[in-house]
Structure formats: structure tokens, C-alpha cells
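Colleague: Please pick one part of this model and take me through it closely. I would like to see how its side chains sit, and then how the neighbouring parts fit in.

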Amino acid sequence: MADPARAAKLAQRIKVVVAEALGRRIKDPRVEGVTVTDARVTNDLQHATVYYTVFGDQAVQADAAKGLEKAKGVLRQEVGRNITARLTPTLEFVADQIPVNASNLEELLREARKRDAEVAALAANARHAGDADPYKSDASGDVDIDEDDFDEEDLDLNDDEDLDEDRNK
């Protein structure tokens, strides 16, 4: 097994080589709108998965998948010429779902903002259900403190012999 760091470097190189080859060598109009987003290589460096995106409807995406499958041999040949590995990895093309997931996430965020605005509008006109201070007590605020409430030990806090090594009582 190869080092995972080497596999990551090889994946980045394969991503660049495939993207360049799609622009230079492949003349198929079905793959003109393909953008290579990522590549992953197994730790044994035998198989590479290349992720791509295509903007358009389902028919355009299906045509791009067919075009990539047809060009797989030429792309693997280009990868073999441009990497430093004993064996050229097989290529597998997978449509990347990140744009779809991102649009779903954007829709969820839009809905959350709308609900937050509704809650803020309701909170602007809201009042307390009970008293404004539910913890107020019946006792008056002025409480007299007698001298009998304190012991001499409470007042003698500066005596060093009562303090421990952490300077706490």
C-alpha cells in the first residue's frame, strides 16, 4: 500500500491532467461543458475516481456521461504519460452532487430566514404573559442587618494562619 499523502498528491495531479486533456485532446462536443471538481485515488494507486459537474438539464448530463465513458481510454493514456507511477490507474467518472446539495441547502436557508423574519415580527408586538419580573419578592428592599448576624470569625479574614497554601479560606 502506498502512503495516503502520495495518493492525495497523485489524485490532485490526475485532476489537473484530466481537466487539461478534456480541453485539449477531447474534441467531443458532449464534454465541452464538463468541469472536473475532484479526484480520489485508492491507497494502492490502482483506481482513480474523477468527480465532475455539468450545467444543464438531465439530457445534457447524460450526454456528458456518455462522452466521458467514450473518452476514458484517451484520458487514461494522458494520465499515464503525465504521472510518475509504475501502473496507470483505471479511471471512473462520477457526477458530483455538490451543486445539487448546495442548491438544496440554499433553499433551506432561504426558508429559515423567512421563518426567522416571521418570528421577529411576532416578537416585536409581544408582551409578557405575567409580571415583567416574575421573581420579585414581598419583602422590602431595605433589610436591616444586625451586628448579631456576623461572627468575629467572619470579620477576621486577613489572619494568615487561617489561609491554606492556595491562599483560600
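**A close look around helix H3**

Modeller: Start with Glu69, which has a relative accessible area of 43% and is therefore partly exposed. Keep in mind that this is a predicted model. Glu69 has a charged partner, Lys72, and the two form a salt bridge. Their closest N and O atoms lie 3.1 Å apart. Lys72 is partly exposed as well, because its relative accessible area is 24% and the buried class is kept for values under 20%.

Now take helix H3, residues 72–82. Which of its residues are buried? They are Leu75, Glu78 and Val79. These three span an arc of only 100° around the axis, so they sit on the same side of H3. Turn to the face pointing away from that buried side, and you meet the exposed residues Gly73 and Arg81. What covers the buried residues of H3? The cover includes helix H1 (4–24), helix H2 (58–70) and strand S3 (90–95).

Next, compare this with helix H4, residues 98–124. Here Arg110 forms a salt bridge with Glu107, and the closest N and O atoms are 2.6 Å apart. The two residues are 3 apart in H4, so about one helical turn separates them. Arg110 has a relative accessible area of 46%, which means that Arg110 is partly exposed. Glu107 is at 41%, so Glu107 also counts as partly exposed. Other salt bridges share partners: Arg24, Arg25, Glu78 and Arg81 are joined into one network this way. Two of those names come from H3. Glu78 is one of the buried residues of the helix, while Arg81 is exposed on the face turned away.

H4 also holds Leu109. Leu109 belongs to a nonpolar patch on the surface, together with Leu105 and Leu108. The three have about 290 Å² of accessible area together. Leu109 is at 38% relative accessibility, so Leu109 counts as partly exposed.

One more pair is worth finding. Arg30 and Asp28 form a salt bridge, with the closest N and O atoms 2.8 Å apart. Is each partner buried or partly exposed? Arg30, at 30% relative accessibility, counts as partly exposed. Asp28, at 17%, falls under the 20% limit and so counts as buried. In total, the structure holds 8 salt bridges.

Key
Residues are numbered from 1 along each chain as its sequence is written. This is a predicted model: local features need pLDDT of at least 70, side-chain atom pairs count only at pLDDT 80 or more; totals for chains, interfaces and linings use all residues. Side-chain values use heavy atoms; hydrogens and water are left out. Patches are made of residues with over 30% relative accessible area and no salt bridge: like charges are joined within 9 Å, nonpolar side chains (Val, Leu, Ile, Met, Phe, Trp, Tyr) within 5 Å. Accessible areas come from the Shrake-Rupley method with a 1.4 Å probe; for residues, only the protein chains shown count as cover. A salt bridge is a side-chain nitrogen of Lys or Arg within 4 Å of a carboxyl oxygen of Asp or Glu. Helices (H or I, at least four residues) and strands (E, at least two) are DSSP runs, numbered from the N terminus. Buried means under 20% relative accessible area, exposed over 50%, partly exposed in between (1.4 Å probe, protein chains only). The arc is that of the directions from the helix axis to the C-beta atoms. Contact means heavy atoms within 4.5 Å.
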